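Reader: Can you walk me through this one? I'd like the fold, then the contact between the copies, then any odd backbone spots.

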Protein chains: 2
Amino acid sequence: MSQWTLAQRAHKMNPSVIREILKVTERPGIISFAGGLPSSKTFPAAEFKAACDYVLTHDASSALQYSASEGYAPLRELIARQLGETSAAAGLRWDVDPASILITTGSQQGLDLVAKVLVDAGSRVLVESPTYLGAIQAFTPMEPTIVGVDSDEYGVLPDGTPGSLRHQILSGADKARFMYLLPNFQNPTGRTMTEERRAAVSALAAEQGLPLLEDNPYGDLWFDQAPPAPLTARNPEGCLYLGSFSKVLAPGLRLGYMVAPKALMPKLLQAKQAADLHSPSFNQRAAYEVMKGDFLPGHIQSIRALYKAQRDAMLESLAEHFPNAQQDPEHNLTWNHPDGGMFLWARLPAGLNAVELLPKAVDAGVAYVPGAPFFATGGDPRSLRFSFVTPSVDEIRRGVAALAQAIKQAQ
Amino acid sequence: MSQWTLAQRAHKMNPSVIREILKVTERPGIISFAGGLPSSKTFPAAEFKAACDYVLTHDASSALQYSASEGYAPLRELIARQLGETSAAAGLRWDVDPASILITTGSQQGLDLVAKVLVDAGSRVLVESPTYLGAIQAFTPMEPTIVGVDSDEYGVLPDGTPGSLRHQILSGADKARFMYLLPNFQNPTGRTMTEERRAAVSALAAEQGLPLLEDNPYGDLWFDQAPPAPLTARNPEGCLYLGSFSKVLAPGLRLGYMVAPKALMPKLLQAKQAADLHSPSFNQRAAYEVMKGDFLPGHIQSIRALYKAQRDAMLESLAEHFPNAQQDPEHNLTWNHPDGGMFLWARLPAGLNAVELLPKAVDAGVAYVPGAPFFATGGDPRSLRFSFVTPSVDEIRRGVAALAQAIKQAQ
């Protein structure tokens, strides 16, 4: 008999709670506000087809060969330029050196590499309350103590409460390895950190020597106004920035990147090489071909218009079905108004529980994700996340109606 | 000032010794026997272009979307069928369940996931002497004690010497987590385990409860006769098998897979999800389209013919320049005769050192990789690895002549 012995860390790894919850929602005909899937209408299939054709006609022997762990140089240069321009438009100069950019297999891999290089068993990692569940999953194999930091509708609280950032920085015997932040249209809440909040968090982090891990997959998906400049632009050597092409091109390419401080790049590169040698040469070249001209700005504009219309439909439907939400939040569903991204955050009437309501909502024809699993510790059982990007406007209206029905029956 | 604190494991991670060594070889005009790059002549660019076109015409919304962490079901079924057929042709029945297959971002990622799930700091991992350097790099972040097992020209020695497998299994206070083996046309030696050796190692591993990690990137590249059946086919629940499309299709796609025992699949899948969510949906579909018909067998046949001609050219040139190698191995270069794969293993005359000779060889116009870094501990400084697949037949002849000249001048 061969005997497999699991590593200690493997015992701490668990199936995604959300994945398990979502199993009840996998029924034909259910309108899903649950998943975090970009609308497939936004995938540039024709442009990508032309790019594949171009790359395989002109550069096949490099595109299909092993390549540098850092990534494809023209793509890294393009990313550096894009980041500099976006930050400048938001009012902050950020000179991004292409040599500081590492192409990753989706930005999820960035989370894995950072955890490998920075997290020891038992070391503290700070996260927002709530936070992106995939980050907790990526950090967990390296066995950190994950500490939630109090947050409000503008993001993490720098100071003032016992669970605020200043308190949590100082509360541990050891220095926290980093704080993980998703400042723009956060997953799961859809909230965005204000400029004032960014300035305060950035100053506090610099004062306390706390490194920041900034994750920005949704920043381009703003509806009315671009979000403030990245935290990393304020202190590039004290921050690590993660970006993604999953929301502006397509997630099926698995292309993301990190902007690493000089102190960390060599170790992150070694971790990358050990993890998968390099991200697919072909995908990097094809994505570069799609983006090298003037396609992307107009394309992003059209994604924004689509998602804004869907968010508006969701807000309108919610207001229609819960007209007394503001006056009487304890007996109504309440929700926030995200300015971009993919998600809206809501709260059930008192006495209801998002996990318990889910099977009833599914019976009524709609699915969502309960909010509690997104908290490192002790989430609000009434909270829930809606995605407004996967279903159509018509489906959004019917889904909200079904949800309202399920809530009324359960009350 | 933000202060980055590295994880303990990061201090153990180092740049690839070979990468550093190869920097001296990066000069225009140098004939390289050093890299492990498949010949770009073998990349099916036209077929891949047609496949990309097909996938983006008929299945773009799935191919560009997020997908299951396990991988694309038709590809997993195709792999299961291929493995069963190959094993049956070698005389052993192996019923591979597609549900046991996990698609990885290159087989390198398989090594990373296995280490995460099975290796604790200080736990023992057994490897061949010498072994694939990328495996050591993938295991190192999880901080194992890597133990080399004595090997001869037929692979790892089951018994008899103080460094043999039986001895190393029993020598530690703890049970080794697994033994890592590359039975077919091994990197770096090109050697292949005989059927007798496989049977002995498999029986000993089963007797001692030692799990095996079998890596098989080169198995299809045989020249005269297929290698014996995989070790995993003899004990599927006691082995973990890694496969790759890098050598039969193209490495730039970053597509590999593992066949996992039932006991490990859930944890490996969680580790995969945390690492990069899933391997690129698009690449999986395009590779499946290329392979679903009858293209692959003929294509592999043509790769075998190409590589065999190049191996023959290298063997002939070596015999021509070192005609007294067999009679007088101490004063000549000696080498083995691999039956497939990409590599040949050689030994310098007494008094020479492969690291010290390298700059002189490069001056003469040829590069190789010194063999010592491939040993977990204490490698033979006279050993070196030649790849015969990247250069052309003409370059191989000129490269061997240059090498012979460098050796004679150094003697």
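**Strand 10 and its neighbours**

Author: Start at Leu242(A), which stands opposite Met258(A) in strand 10 of chain A. This is a predicted model: local features need pLDDT of at least 70, side-chain atom pairs count only at pLDDT 80 or more, and totals for chains, interfaces and linings use all residues. Residues are numbered from 1 along each chain as its sequence is written, and chains are lettered from A and ligands numbered from 1 in the order in which they are written.

Reader: Which strand is joined to strand 10 of chain A by way of strand 9's four bridges, and in what sense do they run?

Author: Strand 9 (residues 239–244) itself is joined to strand 10 by four bridges, and the two run antiparallel. Pairing here takes at least two DSSP bridges between the strands. Helices (H or I, at least four residues) and strands (E, at least two) are DSSP runs, numbered from the N terminus.

Reader: And strand 2 of chain A, how many bridges to strand 10?

Author: Four, again in the antiparallel sense, from strand 2 (residues 101–104). Leu102(A) has Met258(A) as its bridge partner. Met258(A) also stands opposite Leu242(A).

Reader: Are the faces of strand 10 of chain A covered or open?

Author: Both are covered. Gly256(A) and Met258(A) are buried on one side, Tyr257(A) and Val259(A) on the other. Buried means 20 or more other C-beta atoms within 10 Å of the residue's own; exposed means 12 or fewer, partly exposed is in between, and C-beta atoms are placed from the backbone. In a regular strand, side chains alternate between the two faces of the sheet.

Reader: What about strand 2 in chain B, buried or exposed?

Author: Buried, on both sides. Ile101(B) and Ile103(B) point one way, Leu102(B) and Thr104(B) the other. Four bridges join this strand to strand 10 (residues 256–259) of chain B, running antiparallel. Ile103(B) stands opposite Tyr257(B) there.

Reader: Zoom out. How many helices and strands in chain A?

Author: 14 helices and 15 strands. The radius of gyration is 21 Å, close to the 22 Å of the globule rule for 411 residues, so chain A is as compact as a globular protein of that length. That radius is taken over C-alpha atoms, and the rule is 2.2 Å times the number of residues to the power 0.38. The C-alpha trace spans about 65 × 60 × 55 Å along its principal axes. Buried residues make up 56% of chain A.

Reader: What share of the contacts in chain A is long-range, at least 24 apart?

Author: 74%, among contacts between residues at least 6 apart in sequence. A contact means C-beta atoms, placed from the backbone, within 7 Å.

Reader: How many residues of helix 6 of chain A are buried?

Author: 13 of the 13, so helix 6 is largely enclosed by the rest of the structure. Its length agrees too: residues 106–118 should span 18 Å, and the end C-alpha atoms are 19 Å apart. The expected span is 1.5 Å times one less than the number of residues.

Reader: Now the interface. How many residues from each chain?

Author: 75 from chain A and 74 from chain B. Elements giving two or more residues on chain A's side include helix 3 (45–58), helix 6 and helix 9 (195–208). By class, that side has 38 nonpolar, 25 polar and twelve charged residues. Nonpolar covers Ala, Val, Leu, Ile, Met, Phe, Trp, Tyr, Cys and Pro; charged is Asp, Glu, Lys and Arg; the others, Gly among them, are polar.

Reader: What turn lays chain A on chain B?

Author: 180°, with a shift of 0.0 Å along the axis and an RMSD of 0.0 Å. The two copies are thus related as by a two-fold rotation axis. Superposition is by least squares on C-alpha atoms of residues with pLDDT of at least 70 in both. Cys52(A) comes closest to the axis of chain A's residues, at 3.5 Å (C-alpha). Also, 99% of chain A's interface residues are interface residues in chain B, so the copies meet through the same surface.

Reader: Where is Pro130(B), and what is odd there?

Author: Pro130(B) is in the loop between strand 3 (124–128) and helix 7 (133–139) of chain B. Its peptide bond from Ser129(B) is cis, omega near -10°. Asn187(B) and Pro188(B) are also joined by a cis bond, omega about 20°.

Reader: Is Arg254(B) buried or exposed?

Author: Buried, with 30 C-beta neighbours inside 10 Å. Arg254(B) has a positive phi of about 50° although it is not a glycine.

Key. Contact = placed C-beta atoms within 7 Å.
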